[in-house]
Amino acid sequence: MTAEEKLAIEERIVEVLKTVYDPEIPVDIYSLGLIYRIELQEDGNLEVDMTLTAPNCPAADFIMEDVRIKLSGIEGVKEAKVNLVFEPEWDKDMMSDEAKLELGFM
């Protein structure tokens with residue numbers, strides 16, 4: 001894949017991540033700062049590290065599967081692996097300014 005193709009796929013990955021929501025929070029997971037790493041390999045294999053707002057999130061399985069399915073459906077992504085990590089621990093300072101505004105933190 002060319003550098004331009006890879007950049008286009010990476011931009012699409014971010015767009016798709018912005019369509020995934022925690023059912024209890026009206027802000028997408030990307031804007032919440034829950035995505036820690038996006039690594040797209042030349043062969044189309046994708047690996048994403050993400051966290052949750054709380055380790056005991058009742059919607060964890062739903063969110064993780066939603067992310068995996070949506071990322072796997074992107075043209076150019078051969079396989080999507082989603083890793084759930086808790087280091088560093090998430091806090092509200094990781095949110096975008098728009099997310100903070102939406103949730104009343106600003």
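**Exercise 1. Work out which strands helix α2 lies across, and how the sheet beneath the helices is put together.**

*Solution.* Begin with the helix: in this predicted model, helix α2, which spans residues 60-72, lies across β2 and β3, and the angle between α2 and β3 is about 155 degrees.

Next, turn to the sheet itself, which is an open one formed by 3 strands in the order β1-β2-β3, with mixed pairing. Its edge strands are β1 and β3 (79-84), each of which pairs on one side only. On average, and with direction ignored, neighbouring strands of this sheet are turned by 15 degrees against each other.

To finish, place the other helix: α1 packs on the sheet and touches β1 and β2, and its direction makes about 150 degrees with that of β1.

**Exercise 2. Determine in which sense β2 pairs with β3 and with β1, and name a pair of bridge partners for each pairing.**

*Solution.* Take β2 and β3 to start with: strand β2, residues 45-50, pairs with β3 in the parallel sense over 6 bridges. An example to find in the structure is Val48, whose bridge partner in β3 is Val82.

Now take the pairing with β1, where the two strands run antiparallel and 5 bridges join β1 to β2. Here Ile35 can serve as the example, since its bridge partner in β2 is Met50.

Then look at the connection between these two strands: β1 and β2 form a hairpin with 4 residues between them, and Gly44, which sits in the turn, has a positive phi of about 95 degrees.

**Exercise 3. Describe the surroundings of Asp22 and decide whether it is buried or exposed.**

*Solution.* Start by locating the residue: Asp22 lies in the loop between α1 (3-17) and β1 (35-40).

Then consider its exposure and its charge together. Asp22 is buried and yet has no salt bridge, and the nearest side chain of opposite charge, that of Lys70, is 13 Å away. A salt bridge requires the side-chain nitrogen and the carboxyl oxygen to be within 4 Å, a cut-off to keep in mind when reading that distance.

What does the side chain of Asp22 reach instead? It reaches the backbone nitrogen of Glu24, at 2.8 Å.

Last, list the neighbours: when residues up to four places away in sequence are not counted, Asp22 touches Val27, Ile29, Thr53, Cys57 and Ile63.

**Exercise 4. Examine three of the salt bridges, and say for each where its two residues lie.**

*Solution.* The structure holds 7 salt bridges, among them the ones treated in the following steps.

Step one concerns helix α1, where Glu15 forms a salt bridge with Arg12, the closest N and O atoms being 3.1 Å apart. Both residues lie in that helix, 3 residues apart, which is about one turn of the helix. Glu15 counts as partly exposed at 46% relative accessibility, and Arg12 is also partly exposed, with a relative accessible area of 42%.

Step two concerns the strands, where the side chains of Arg37 and Glu47 meet in a salt bridge at 3.3 Å, N to O. Because Arg37 lies in strand β1 and Glu47 in strand β2, this pair ties together parts that are 10 residues apart in sequence. Arg37, at 26% relative accessibility, counts as partly exposed, while Glu47 is partly exposed with a relative accessible area of 28%.

Step three concerns helix α2, in which the side chains of Arg68 and Glu65 meet in a salt bridge at 2.6 Å, N to O. Arg68 and Glu65 both lie in this helix, 3 residues apart, or about one turn. Arg68 is partly exposed at 34% relative accessibility, and Glu65 is partly exposed with a relative accessible area of 35%.

One further step looks beyond single pairs, for salt bridges that share partners join Arg37, Glu39, Glu47 and Asp49 into one network.

**Exercise 5. Find where Thr2 is placed, and explain why it counts as partly exposed.**

*Solution.* The place of Thr2 is in the segment before α1. Thr2 counts as partly exposed because its relative accessible area is 38%, and this class covers the values between under 20%, which is buried, and over 50%, which is exposed.

To complete the picture, compare sequence with space: Thr2 and Glu42 are 40 residues apart in sequence, and their C-alpha atoms are 8.5 Å apart in space.

Definitions and conventions:
Residues numbered from 1 in each chain as written. Predicted model: local features only at pLDDT ≥ 70, side-chain atom pairs only at ≥ 80, totals over all residues. Heavy atoms only, no water. Buried < 20%, exposed > 50% of the residue type's maximum accessible area, 1.4 Å probe, protein only. Lys, Arg positive; Asp, Glu negative; His and termini not counted. Polar contact = N/O pair within 3.5 Å; in protein donor to acceptor, adjacent residues only side chain to side chain. Contact = heavy atoms within 4.5 Å. Pairing = 2+ DSSP bridges. Axes fitted to C-alpha atoms, helices over the stretch in contact; angles between N-to-C directions.
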